[in-house]
Amino acid sequence: MYFLRLQIYQPQAHYRIPFTYQRRHTYPIPPYSTVIGFLCNVLGIDDPVKTEKIGNNSVVLYEQLKKIKISIAGRFESKTTEYIWFRNLSATAHEKRFASVNNRFINGHVEHIGGQSPVLIDILDEVNLIIYLAHEDKGFLELIKSSIEFPVRRLEILHLGRAEDWIVIKEISAVSELNFPVKRNDMRTDYFFWIPEKMYVTNHDLLPSDFHQFQGLLFRITTWWEVRDFEKTYNRHGYRNFQYMPVKLNDGLFVRQQFMIDEQHKNFPVFLADLN
């Protein structure tokens, strides 16, 4: 097993909590599905059967991606709330507001077409993320690394969260063998972590603490997804059916717990989610 470490900075970001509408709440760090979407973007995966040559082998990129393990940690400086209007450009919404599709006047003023709704969006400022990617295929991680450094395969601007949440790569490590030890390490960090219920570890001499021993708020966050009727529409932005994984959102306090640490990076905690 090999790993790749990414350090990412975002001036602003919003990682939407599902089913929040009038006020769109954000997680403090991106869920696994957001990072997976970022990797699909970087690798240019716009079709689940798309192939790429890695070394002498031709591989299906999405099948390779499904084997990846991910650890996500992050912090932010502040949170602000944006007040914006969402516009509905359907004729029905326009008629509901203006009484007629031919009218754009309200109170003597010409207004934008369609209906409108006030929406609040929580935004994280000055975001710093540390993401570990682990995979049994060294060549696949090398492909991810080179695709980030030279994003010639990307489908869109590289972002995490909304399309406008651009990223800055602060550091990308070399692809190295994953041999992080599992140790008890009482510490307090200023990062948030996802602690997955199904965790991947390489060192079986000492196992990490049980999921229920870690402190944190319990969530079920999104992982993989399928686009409904993709075979008919080839619309990768279509309706998505998500899978979920139980996790705990830890605020960086670890007492009497064992977990993997990256000794080459200030003993940073690593919680690789086994997403399959």
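Which strand is Asn-250 in? Let me start there. Asn-250 sits in strand β17. One thing to say up front: this is a predicted model, so please take everything I show you in that spirit.

Okay, back to Asn-250. Its relative accessible area is 0%, and since anything under 20% is called buried, that makes Asn-250 buried. So what does a side chain like that reach? For Asn-250, the side chain gets to the backbone nitrogen of Gly-252, at 2.5 Å.

Now, β17 is also a good way into the largest pocket. Strand β17 covers 240-250, and β17 is among the elements that give two or more residues to the lining of that pocket. The others are α1 (32-43), β16 (217-227) and α5 (230-233). Which of them gives the most? That would be α1, with six residues.

As for how much room there is, the largest pocket holds about 1600 Å³ of space. Its lining is made of 46 residues. If you want to find the centre on the screen, look for Ser-33, Trp-225, Arg-236, Arg-240 and Phe-242, which lie nearest to it. And the chemistry of the lining? We have 23 nonpolar residues, twelve polar ones and eleven charged ones.

While we're around α5, have a look at the loop that runs from α5 to β17, because Tyr-234 is in there. Tyr-234 is not a glycine, yet its phi is positive, near 55 degrees. Buried or exposed, this Tyr-234? Exposed: the relative accessible area of Tyr-234 is 56%, and the cut-off for exposed is over 50%.

There's another residue of that kind, Ala-99. Again we have a non-glycine with a positive phi, about 75 degrees this time. You'll find Ala-99 in the loop between α3 (91-98) and β7 (105-106). With a relative accessible area of 68%, Ala-99 is exposed.

For a glycine with a positive phi, go to the hairpin of β3 and β4. Strand β3 is residues 51-54, strand β4 is residues 57-60, and they pair in the antiparallel sense over four bridges. Ile-54 has Asn-57 in β4 as its bridge partner. There are two residues between the strands of this hairpin, and Gly-55 takes a positive phi near 65 degrees.

Last stop, an open sheet. It has three strands, in the order β12-β19-β20, and the pairing is antiparallel. On the edges we have β12 (182-184) and β20 (268-270), each of which pairs on one side only. Ignoring direction, neighbouring strands here are turned by 65 degrees against each other on average.

Let's zoom in on β19 and β20. Strand β19, residues 258-262, makes three bridges with β20, in the antiparallel sense. Asp-262 stands opposite Phe-268 of β20. Further along β20 there's Val-270. Although β20 is an edge strand, Val-270 counts as buried, at 1% relative accessibility. And how far is Val-270 from Met-260 in space? C-alpha to C-alpha, the two are 5.3 Å apart, with ten residues of separation in sequence.

One general reminder for when you look at this sheet: in a regular strand, side chains alternate between the two faces.

That's my tour. Happy to rotate the view if anyone wants another look.

Definitions and conventions: Residues numbered from 1 in each chain as written. Predicted model: local features only at pLDDT ≥ 70, side-chain atom pairs only at ≥ 80, totals over all residues. Heavy atoms only, no water. Pairing = 2+ DSSP bridges. Axes fitted to C-alpha atoms, helices over the stretch in contact; angles between N-to-C directions. 1 Å grid on protein atoms, 1.4 Å probe; cavity = no way out; pocket = protein on both sides within 12 Å on 5 of 7 lines; lining within 4 Å. Points joined across faces, edges and corners; volume = space filled by probe spheres on them. Nonpolar A, V, L, I, M, F, W, Y, C, P; charged D, E, K, R; others polar. Buried < 20%, exposed > 50% of the residue type's maximum accessible area, 1.4 Å probe, protein only. Polar contact = N/O pair within 3.5 Å; in protein donor to acceptor, adjacent residues only side chain to side chain.
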